[in-house]
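Trainee: Could you take me through one helix packing in this model in detail, and then set it in the context of the chain that holds it? I would like to know which residues make the contact and what kind they are.

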Amino acid sequence: MNAAAARIAFPPNWWARAGWLLLAAYIVYACSLLDFTWARFMVGLDNGARFIARMFPPNFSRWEILVKGLTESIEIAVLASALGILISLPIGLFAARNLMPVWVTWPARMLIALCRSFHPVIVAIVFVKAIGFGALSGIAALTVASIGFIGKLFAEAIEEISLKQVEAVRATGAPFMNVITYGVLPQVFGRFIGFATYQLDSNLRNSTMVGIVGAGGIGGALFAAFQRFDYDFVCAMLLSIIILIFAGELLATRVRAVFLERSRVNEE
Amino acid sequence: MDNSAALSIRNLSKEYKRGKPVLRDISLDFATRGFTAVIGPSGTGKSTLIRCINRLVEPTSGAVEFQGHDLVKLSGRALREARRGIGMVFQEYNLVERLTVMENLLTGRLGYVAPLKAWLRRFPQADIDEAFDLLDVVGLAGFANQRADSLSGGQRQRVGIARAVMQHPKLLLADEPTSSLDPKTSVEIMSLMRDLGTAKNIPIIVNMHDVELARRFADRIIGMSEGRVVYDGAPGALTDENLKTIYGGKDWLHP
C-alpha cells in the first residue's frame, strides 16, 4: 500500500455497496413477479370496505363459546410458557459455548435449532396428528416454540457475561453448580426475566392461533366463524383477543417491575 | 527465610503459544508468613505466574507444591479443595456485580456449602457472623445489603479482600490489586492486606507495578523480566542497577 492510499479516512466498502444494489434489484423483480400493482390494491380496498361493514356491530350473543375459547387459550399460553421456561433453562446453559465443552454445546444447539426451524402452527399440526385434537397439542407446540426462543436467547446472554466474575468464584474452590448460581445466574437473571415475559406475551398471541389447526383455544371458533361468514362474531372474538393481549402486556410489565425493581433502583 | 515453605514453585513454565514461553523455568519458595511483591514490566508474566499457582491458567510444565500436593497434577474435586485454601484478589475486583456485598463475601465460602443450600442462601450462621465481623474490619459496616455495583473502587477492593479472607486461606494471591485505584486508596488497600495477613498468619504474594509501594509494604521483592526471575531479595537491597535489569533502560529512573 502506498502512502496516498494509506491516508484515505473512510475507504469505500465495495462488497456492501454491491449487496445494497442487489437487494434493491431483487425487490423490484419480486414486485413485478407478484403482480403487485396499484390497480389490484384499489380493487382489494373495495372488498375490504364491504368486509369491515359486515363486521359491525360486533355480536356477543354467543359469548359462552367465546369465553370457553379464550380461557382455553390462556391455559395453553400459561402452561406452555411455564414448561418451556423450565426446560429451556438447562438447555440454554448447556448451549453456552463459554462455559461448556463442545460435545455438550453441540447437541444442545442442535436441539434449539430444531425447535426453531418450524412455525408453531406447523408444529401444532404435527402434534395434532400425533396426539390428537385439543389443548394438549397446543401446549406441546408452544412449549417447543418457547424452548427454541428462550433457549437461544438465554445461551447468548450467558455467552456475553463477564468471565472475570466467574473466574473469581472459581478461584474460591466452588463446585460447578455454585459457580453457576453465584457467578453466572446473577449476571443473566434480569435478561432472563425479560425473555420469559416476552415469551408469555408471544405465547398468548400464538395460543389464539393454534386452534385453527385443531390444537385448542379460541382459534378453532374464530376459523369456523370466518368460514360461515359470521363476521360480526369474528369481530367480537378479535376485540376480545385484543383485550387479552393488552392484559398480558400489563401483566408482563408488572412481573418485570417486581423482579427487576431492585436492580433498577441501584443502577440509577 | 523459613525452611518450611507454604508454597514451592519448581521449574514452572508456561507457553500460551508453542515456542513463545511467557514463564521460563521459574523456581521459588514462599515462607508461611510474609508479604512478597512481584514486580516487573507489563507482559512479563506476573499475572500468569499468579494464575498458574491456583490453576486459573494451566502451566505447561513444572510443579507447584502447596500443603503436600502438587497442584499441577490435581483435577476435579481435589483441585477445588486446594483452591479453597488459596484466596485471590483481582485487579478489577471481579465482584459479582449484581449480588450484594454480603453475598459476595459469602462467595468465599462456596467451596464448603452445598449448591442447593448456597442457592437458597442457607449459609451456616458462623459464616454469616464472620462476614459481618470482617465488614467491620475492612471498614464497610452497614454495607452488607448494598449491591456490589453501587460501590466505589476502593470499597469494591475491600469487599474483594474480605471475600478472599472468608476462605480462611493458607495463601493469599493478589493480581495488581491497586492498579485501578488512586494513590491514597492504594496505600489503604495495601495496609489492609498486610494487616489482615499478619493478624491471620496468611502469607501474601502480590503482583504490582508500583516499585515505591512494593518497597514500602513488602518483606521480599521478586523482580521479573521476560518470564524469568531476575531479582529476589529484601526491598532495601533493591538498587537502581536491579531496576534497570528488571524494566530495562534507565531514563525513567531519575527524571
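Mentor: In this predicted model, the place to look is where helix 4 of chain A, residues 63-94, meets helix 9 of chain A, since the two axes come within 8 Å and cross at roughly 145°. The crossing of helix 4 of chain A and helix 9 of chain A is right-handed. From helix 4 of chain A, the contact takes A:Ser73, A:Ile76, A:Ala77, A:Ala80, A:Ser81, A:Gly84 and A:Ile85, while helix 9 of chain A brings A:Ala196, A:Gln199, A:Leu200, A:Asn203, A:Leu204 and A:Ser207. Sorted by class, the residues of this contact are 7 nonpolar and 6 polar, with no charged residue among them.

To see the setting of this pair, consider the chain as a whole: chain A has 11 helices and 0 strands, and its pattern along the sequence is accordingly written α-α-α-α-α-α-α-α-α-α-α. Of the contacts in chain A between residues at least 6 apart in sequence, 72% join residues at least 24 apart. The chain has a radius of gyration of 25 Å, whereas a compact globule of 268 residues would have one near 18 Å, and the C-alpha atoms of chain A fill a box of roughly 65 × 55 × 45 Å along the principal axes. Buried residues account for 36% of the 268 residues in chain A.

Helix 9 of chain A also matters for reading the boundary with the partner chain, where 20 residues of chain A are in contact with 26 residues of chain B. On the side of chain A that touches chain B, the elements giving two or more residues are helix 8 (163-171), helix 9 (176-207) and helix 11 (231-267) of chain A. That side of chain A has 8 nonpolar, 9 polar and 3 charged residues, so you can set its classes beside those of the helix pair, where no charged residue takes part.

As for confidence, the model scores ipTM 0.87 and pTM 0.78. Chain B averages a pLDDT of 89, and 98% of its residues score at least 70. Among the elements of chain B, the lowest mean pLDDT, 86, belongs to helix 9 of chain B (residues 240-247), and the highest, 94, to strand 6 of chain B (residues 86-89). Where pLDDT is low, the predicted coordinates should not be read in detail.

Definitions and conventions. Residues are numbered from 1 along each chain as its sequence is written. Chains are lettered from A and ligands numbered from 1 in the order in which they are written. This is a predicted model: local features need pLDDT of at least 70, side-chain atom pairs count only at pLDDT 80 or more; totals for chains, interfaces and linings use all residues. Two residues are in contact if their C-beta atoms, placed from the backbone, lie within 7 Å. Helices (H or I, at least four residues) and strands (E, at least two) are DSSP runs, numbered from the N terminus. Ala, Val, Leu, Ile, Met, Phe, Trp, Tyr, Cys and Pro count as nonpolar, Asp, Glu, Lys and Arg as charged, and the others, Gly among them, as polar. pLDDT is the predictor's confidence in each residue, from 0 to 100. The radius of gyration is taken over C-alpha atoms; the globule rule is 2.2 Å times the number of residues to the power 0.38. A residue is buried if 20 or more other C-beta atoms lie within 10 Å of its own, exposed if 12 or fewer, and partly exposed in between; C-beta atoms are placed from the backbone. Axes are lines fitted to C-alpha atoms, for helices over the stretch in contact, and angles run from 0 to 180 degrees between N-to-C directions. A crossing is left-handed if the near helix is turned anticlockwise from the far one by less than a right angle, and right-handed if clockwise.
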